[in-house]
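Me: I should like to learn how to read the features of a protein model, beginning with a sheet. Could you take me through the general idea and then the case at hand?

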Amino acid sequence: MKKKNIVKSLAAALSVVVCLTGCSGGTGSSGSSGSTPAGSPSDGSSVNDATGGVSDSDTTLKWALESDIVSLDPIYAYDTTTNLVVVQLVESLLYINTDGSISPMLASDWKCVDDKTYVYTIRDDVSFSDGTPMTVEDVIFSMERNMGSESDSYVAWMFDSVDSIEKTGDWEITVHLKNPDAFWQYVPATTGGAVISKAYYEEHKDNYGTASGGVMATGAYKFDHWTNGSEIVLTANENYWDKSAPCDFKTIDYTIITEDTTRIAALKTGQTDLSVNVSVDMIGQLADATNLDINSVHAYRIDHLAFNTEKAPFNDKNVRKAICYAIDAENLVNSVYGEYGVPGSGLLFGDALYTIGSAEDWQKFADTLDNYSYNIEKAKECLAASAYPDGFDCRLAVSNISYYQSMAVYIQSALSAIGINVSVEQHTYDEMITIQFGNMLDADGVKDYDMGLFDWQADFPDPAGNVRPILISSNAGAGGSNTSSFRSDAADELFAKENNSVDEAERVELIKEYSEIILDEVPIYVLAFSNQSFAVNKRMKVDLGPLYFWDLTAKDFTLA
Amino acid sequence: MGKFILKRIGQLILSLFIASILVFIFVRLSDTDPVAVILGGKQTSQETIQAIKEKFNLDKPLFQQYLLWIDGLFHGDLGLSFKYQTSINELIGPRILTTLGLVSASSVIALVIAIPLGIFCAVKKHTLWDRAGSIFSLILAGCPSFFVSILLILLISAVAPTYPFTGTYANFAEYCQRLFVPSLALACTMIALASRVMRSSMIDQINAPYTMTAVAKGVPQSRILFKHNMKNAVIPVIAIVSIQIGSMVVGAVLVENVFSLSGLGSFLVDSITSSDYAVVQDITIMLVFLFLVISTLADIIYAAIDPRIRLK
């Protein structure tokens, strides 16, 4: 038997099975509805042929996730996979539009009384998905979960300047800040301003946000089930308050497909509608698909190498510099990202985040910086000046996403040239999130990695959103997003000054000032400003802004 | 025969006991603190840590923890997962169905293809057909199931784009539909191995003196082949397949991953990487149990087929 014959006979065997199972697929299961959730109750997906020939699979948004999510609890929703599940279920007080302006959501109105006082009018007609009304107490309870040093919240840093949140009217809350905060205006529009049912939380304290505990909030969808590592199913919330919002989908079925090839094949065959984190090495493989729209958004994202400055030898500035000089970032980025990313400039944000001050001015400033252009001689000099002139062994934590793997291998070979032996440690995406937020500690309570490849993107259209959260010393501990554990009094002082200022020109100058300090200390090395790409089936239309990876909801899609 | 079965069951229980101790100890040799896994590393207070230790029995001495674990196993209670903090029974239930289905379907596929192929090659020994069979097996043996899985997905998306290869299943028909292709991928190595073993052991039987006697007595060739030769030749194949089933569960990890099937294999690997040792020890002991049961059954089947084995 020749190989050709094998392929033929396999194909024949397959078609037989397709026919057989296609015929006996049971009710409502056409050939393409293999993603019908197992054991899902029929209440949410009862739209069928009776309502004008719309079948279940048409009103199901089939969403491919490249990894499992961290939690359903909004306080842990701080990565671009988890968020896009959580924001369907949970809504915030405000909402950031695609152009960067802010709209009302659960708060019908808000005003800034003075630099330190913000007043929010809460809608009185909102109910949770179980039909119980949302109260001001729920709002205050939800926001306070992010406050205080004991808080587990990944966005606790956003609440650093909050002094108190109090009820100041039947449907009004007032937020008092300790000091003016340039970011605060945006915070209620992030998951930091998300509202959950207090009563439901109290009942499910032990397993809140897990597959067994679920969540209860006000979103257009409610939680149905989550099979860890496999799928998450949400169904339309029949008690949704905003009747005017169009919603073409009765069910959202997230399938976790970790293998790139499978995800691509699923998109091409229409077995899944959408993948929002299309990695750069997948785009080329999707280009020829006639059933897909591929979008690449110029986003806020920085892909960077973080050094654990708490640990030797990375507490030595010269070691960090040596590593940066040894990496040919320009070459690496051009070969890995192609047209979907540009090499770092020395700033921690790319031109998409030149949102305050003038873009030209930022560009001029960026041009004056040297982002450690590849120079092996300088690398050797820096290493010789460090306490480790003969090199050392170290570990690099990296996610199992393929282009990150390529970068890790490149870094491994680049650093071997200066005598640094890197062992690459692969982690799943959700583990990398745990690492990024300092929750993977060794026996001494120190973050358990030497270097890591991470990405970050601001939560709102402000350049400082790409800097402060990842470098402020109050975020250096467990649960904080200061991945390099960078602690600098000089930088902290400037961070505080910049944060407390509401004068744009002053902020721009301060950002420039601390950017120079950071570039010199180089706790993190920005390799690329990369695009955020996604693929969507042509049966639907969607309009996206640069923040879509935080707040894209099914309401944003319309069936074509 | 009864005595033989009893003896094998005794050995099984002893092996399982020793394995359970080893699994329990090795899992605890890791320097990761279970409390850290349960907390997901999040900030916490001393009271929470104490409450967690009590909930997961981590405050008790190791010996007692072992007894509690074994006691739970006997009552069908697998304990709580550190990572998900839910009952492991609930987590494992649907996954067992997937992996067992995958492994048994691919064993059946492998045997159905390998045994006739082995016989065919043995009968046509040293002909062009035999060579072709060898090359076919060689290709299959050389293709890792992971690679075959990807090829199959590419093939399906080209040939039968509506055939679902992702997502879960709602009924038995969908279950079969979802598992068929992954099983095929997983079966490849086994087909190669089993058909080679079948071929050589079949050749041994064809050349055996008893076959010559039968031929001399004028017994029809098909009767010699299928009644006598095959019955004897199949014994080593059963041995190989039963030993392979254990490694197939492990091989299923990759196939499950490619086809985004939520099975035991991928769950085991996830639990190891996330240090969820409660799950690791449960799945490991289940695999050991499965492995021991299969090899015991294989021994008993041997003994039934070939009475000489009982005497050894």
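Reply: Two strands count as paired if DSSP finds at least two bridges between them. The model shown here is predicted. In chain A, an open sheet of 6 strands follows the order S14-S18-S13-S17-S15-S16, with mixed pairing.

Me: Which strands of chain A stand at the edges?

Reply: The edge positions belong to S14 (341-343) and S16 (420-427) of chain A; each has a single partner strand, so one side of each lacks a neighbour in the sheet. From one strand to the next, the twist averages 25 degrees.

Me: How many bridges join S14(A) to S18(A), and in what direction do the two strands run?

Reply: S14(A) is joined to S18(A), residues 524-530, by 3 bridges, and the two run antiparallel. At the residue level, Val342(A) has Phe529(A) as its bridge partner in S18(A).

Me: Which helices lie across strands of this kind, and at what angles?

Reply: Helix H7 of chain A (residues 317-326) lies across S13, S15, S16, S17 and S18 of chain A, and runs at about 140 degrees to S13(A). Helix H11 of chain A (residues 402-416) lies across S13, S15, S16, S17 and S18 as well, running at about 165 degrees to S16(A). These angles are taken between N-to-C directions and run from 0 to 180 degrees.

Me: What peptide geometry is found between Ala312(A) and Pro313(A)?

Reply: The bond joining Ala312(A) and Pro313(A) is a cis peptide bond, with omega of about -5 degrees. Pro313(A) is placed in the loop between S13 and H7 of chain A.

Me: How many residues of strand S11(A) are buried?

Reply: Strand S11 of chain A (residues 274-278) is mostly covered, with 5 of its 5 residues buried. S11(A) is joined by 3 bridges to strand S19 of chain A (residues 532-537), and these two strands run antiparallel. Within this pair, Leu274(A) stands opposite Val536(A) of S19(A).

Me: Turning to chain B, how many helices and strands does it have?

Reply: Chain B has 13 helices and 0 strands. Its C-alpha trace spans about 85 × 55 × 35 Å along the principal axes. Of its 312 residues, 48% count as buried. Among contacts between residues at least 6 apart in the sequence of chain B, 75% join residues at least 24 apart.

Me: What does chain B expose, and how are its charges arranged?

Reply: The exposed area of chain B is about 15100 Å², of which carbon and sulfur atoms supply 71%. Chain B carries 23 positive and 17 negative side chains, and the centres of the two sets lie 20 Å apart.

Me: Why does Glu256(B) count as buried?

Reply: Buried means under 20% relative accessible area. Glu256(B) has 0% relative accessibility and therefore counts as buried. Glu256(B) lies in helix H10 of chain B, residues 221-258. Beyond its neighbours within four places in sequence, its contacts include Thr99(B), Leu102(B) and Leu261(B).

Me: Where are Asn57(B) and Ser260(B) placed, and what are their phi values?

Reply: Asn57(B), a residue other than glycine, has a positive phi near 60 degrees. Asn57(B) is placed in the loop between H3 (46-55) and H4 (62-74) of chain B, and its 26% relative accessibility makes it partly exposed. Ser260(B), also not a glycine, has a positive phi of about 40 degrees. Ser260(B) is placed in the loop between H10 and H11 (264-273) of chain B, and at 8% relative accessibility Ser260(B) counts as buried.

Methods: Residues numbered from 1 in each chain as written. Chains lettered and ligands numbered in written order. Predicted model: local features only at pLDDT ≥ 70, side-chain atom pairs only at ≥ 80, totals over all residues. Heavy atoms only, no water. Helix = DSSP H or I, 4+ residues; strand = E, 2+ residues; numbered from the N terminus. Contact = heavy atoms within 4.5 Å. Buried < 20%, exposed > 50% of the residue type's maximum accessible area, 1.4 Å probe, protein only. Areas by Shrake-Rupley, 256 points an atom, 1.4 Å probe, with all protein chains shown as cover. Lys, Arg positive; Asp, Glu negative; His and termini not counted. Charge placed at Lys NZ, Arg CZ, Asp CG, Glu CD.
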